[in-house]
Amino acid sequence: MKRINTSIRAFSQSQSRRNGSPRLRWVLSAGSAILLAALLGAPLAGAAPELSKEENERAQFIYFDRCSGCHGALRKGATGPNITAEKMLKRKFAELEDSIFNGTDAGMPGWGRTGELTAAESTLMAKFVQLPAPIPPEMGLKAMKATHKVHVPVADRPTKPQHGRNIDNHFGVILRDAGQAAIVDGDTKKLISVMDSGHAVHIFRASATGRYFYTVGRDGKLNLIDLWEEKPRVVAESRVCLDARSVDVSKYKGPKGDFVDKYAVVGCYWPPQMVVVDGKTLEPIKVISTRSSTYDTNEYHPEPRVATIVASHHAPEWVVAIKETGLVWLVDYSDLDNLSMTQIATERFLHDGGFDATGRYLLIAANMRDQIVVVDTKKRKFVTKFETGVKPHPGRGANWVDPEYGPVSATTHLGEGLIAVYGSDPEGHPEHAWKVVREEETAGPGLFLKTHPKSNHVWTDSTLSKEEGVNQEICVFKKDDFAAGPNCWRAADHGKVVHFEYNKAGDEVWAAVWDKKGELIIYDDKTLKEKQRIKGDWLVTPTGKWNVYNTVNDIY
Ligand code: DHE
C-alpha cells in the first residue's frame, strides 16, 4: 500500500509541476490521483491540495482555534496524534474529512457533529493538514511590551476593598467563546462584572493575597482584575504569547512575605516559552525558552509547550510541566537575573495536574501514556509514575482521606468513564502510596473532578461522552462508601456539563452548562439538591470557574 501511495503522490506531484494555475493544478493532480486510485482500487491519498490565500487564512485560524491545542502548532502531536502533512497525505481524504466532522474513537471531538465547523470547513481542514504546517512567528520582550497597558496605576488603586462583599467567596467564570471573564458573588449569586479577556479565554488564577484575579486567553493575553474595586475591572493587560494555556503567581510568603503578589508567570504553547511578568502591573520581565530535548531519547524538540504551572507554598518556586519534553521544571523566582532551576525527567506529554493535600507532591497526567507522574517538590526529585486508565485528566485533581487507604488523590479520564483513586501519603501509608487503590465507573469519558476537605463527596463530569445526554450528566461518589458507586443524574437538557468548583465553606458546588445559552448550576453538597440555576444573556459558553479562597490555597 505504501508503494502505491508513493507512486500516486509522485504522479500527482509531476502533474502539478507541469500545470500552470495553483487551483487548476490541484484539480488536475487530484483528478489524476482519483483516476489512478480508481484504476488500482487503492485509497485516494498522496495528492497535495492547494488553497487560496483566503482559504489558507481561514484554515490557519480554525487550526489555531480548534486543533493546535492537542496536535501542536507544528502538528507533531501531544494530546492528539502527530498529523504532519507527510502522515496526512497517506490518509484517504474522505476518511480525514470524516474524522474532522464526526470525531474519532481516540477522543477527538466531532467538530462538525457538534456544530463548531460546517461540512465545508471540515473539508477545508482536511486539505489544510495535508499541506506543510506554517511556522508561526516568535515573540520577544519588545513585542510583548508594546501590548502592555496599565489601566489603573498601582498608586491609584484603592488601599482597601471598596465594597462590603466577601471577596474570598467570589467566583471567576470563563465565558469561553465570548472571550470574556465574569465575576460572580458566591454569597448572593449575583453577577458583579463581565470583562473582555483574551480569545477563547482559558483559566483564572488568584493572587496569593486573593486581591487579584489573573486570566489568560488562548491568544496569550493576560488580564489583571482588581477585586477590591466596587465593580472589579481589568487594571492591567499584556500579551506575552501567541498561544497560551496557563498562568500562576508567586505564592511564597518567605520570612518577609517578599514574593506575595510580586510576579505572575504565563505558560505559552507558542512560542514555546514561559514569561515572567510583574504581579501588579503585568509588565513583561523575563522570557524563558522551553526549547530543549526530550527527557528519554534526548532528541531536540522545536515546540515543547508549557502545560500545568503550580506555585509552591513552601519555596519561591514555580512547578512547571513541559509537555513535549516530559520534564518538570522547578523554577526558582527569587533571583531572576541568576536564574536557577531543577529539570526533572518524568514522562512525555505532560498535561494537567496539581498538588497532593500537603502541597509537597505534584501529581500530573502524562495523558498520552495513560500515566500519572509524581514529583517530590521538597526533595526536588522524580518519585514514580503509574498507569491509571485511558488518558487521565485530573484538572487540578482531588485529594481526600479514604477510610481504608488513608490520604488519596484521584483522576478522571478523557478516554473512558473511569475514576482512578491512588494513595498519596508515602509517609503514613507507604503500602498504598502511588498505587491505584480504587477504580469506579463514571457516566462516561470526562474532563474534571473536584472535592473539598469539608465534604464527603467527589464530583465528576462526563463532558466528552458521545452518547446523547450522557455529556450532561454529573456523578457523585461518597468518600465514606466509595465502592457503592456513584449517584448520577442528568443536570441539563442542552449543552455539555463541565467542571466543578466549591464555595469557600465547602458546602456548595458550582457546575457549568457549556452552551451559547449557558447556565451555572449550584448544588447543596450535602443533599446533592439543586439550590439555584444562574441564567442570563451574559452566560455565553461558561466552562471553568474558580473560587478565590480555594484557588489561593490550592484546595481541591
Ligand atoms: Fe484546558 C486546565 C490545556 C481544552 C478547560 N488546560 C488546563 C491546563 C492545560 C490545558 C495545560 C492546565 C493549566 C494549569 O493548571 O496551569 N485545555 C488545554 C488544551 O491544550 C486543550 C486540550 C485543547 C485546546 O485547544 O485548548 C484544552 N480546556 C480545554 C477546553 O476545551 C475546556 C474544557 C473549556 C475551555 O474553557 O477551554 C478547558 N482547562 C480547562 C479548565 C482548566 C484547564 C477549566 C483548569 C482546571 C482547574 O480546576 O483549575
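This report describes the cysteines of a predicted model and the disulfides that some of them form.

In this predicted model, local features need pLDDT of at least 70 and side-chain atom pairs count only at pLDDT 80 or more, while totals for chains, interfaces and linings use all residues. Residues are numbered from 1 along each chain as its sequence is written, and side-chain values use heavy atoms, with hydrogens and water left out.

**Disulfides**

A disulfide is taken here as a pair of cysteine sulfur atoms within 2.5 Å. By this rule there are two disulfides. When the bonded cysteines of the protein chain are numbered in sequence order, the pairing reads 1-2, 3-4.

One disulfide is formed by C241 and C268, with sulfur atoms 2.1 Å apart. This link of C241 and C268 is left-handed, with -65° about the S-S bond. C241 sits in the loop between β8 (233-239) and β9 (243-249) and C268 in strand β10 (residues 263-270), so the pair ties together parts that are 27 residues apart in sequence. Strands (E, at least two residues) and helices (H or I, at least four) are DSSP runs, numbered from the N terminus.

The other link joins C475 to C488, with an S to S distance of 2.1 Å. The torsion about the S-S bond of C475 and C488 is about 110°, so this disulfide is right-handed. C475 belongs to strand β29 (residues 473-478) and C488 to strand β30 (residues 487-490), so the pair ties together parts that are 13 residues apart in sequence.

**Cysteines without a bond**

What is the closest cysteine sulfur to that of C67? It is the sulfur in C70, at 8.9 Å, which is too far for a bond. For C70, in turn, the closest cysteine sulfur is in C67, again 8.9 Å away and too far for a bond.

**Accessibility**

Buried means under 20% relative accessible area, exposed over 50%, and partly exposed in between (1.4 Å probe, protein chains only). The table lists the cysteines discussed above.

| Cysteine | Relative accessible area | Class |
|---|---|---|
| C67 | 13% | buried |
| C70 | 36% | partly exposed |
| C241 | 0% | buried |
| C268 | 0% | buried |
| C475 | 2% | buried |
| C488 | 32% | partly exposed |

In the link of C241 and C268, C241 is buried and C268 is buried as well. In the link of C475 and C488, C475 is buried, whereas C488 is partly exposed. Of the cysteines without a bond, C67 counts as buried and C70 as partly exposed.
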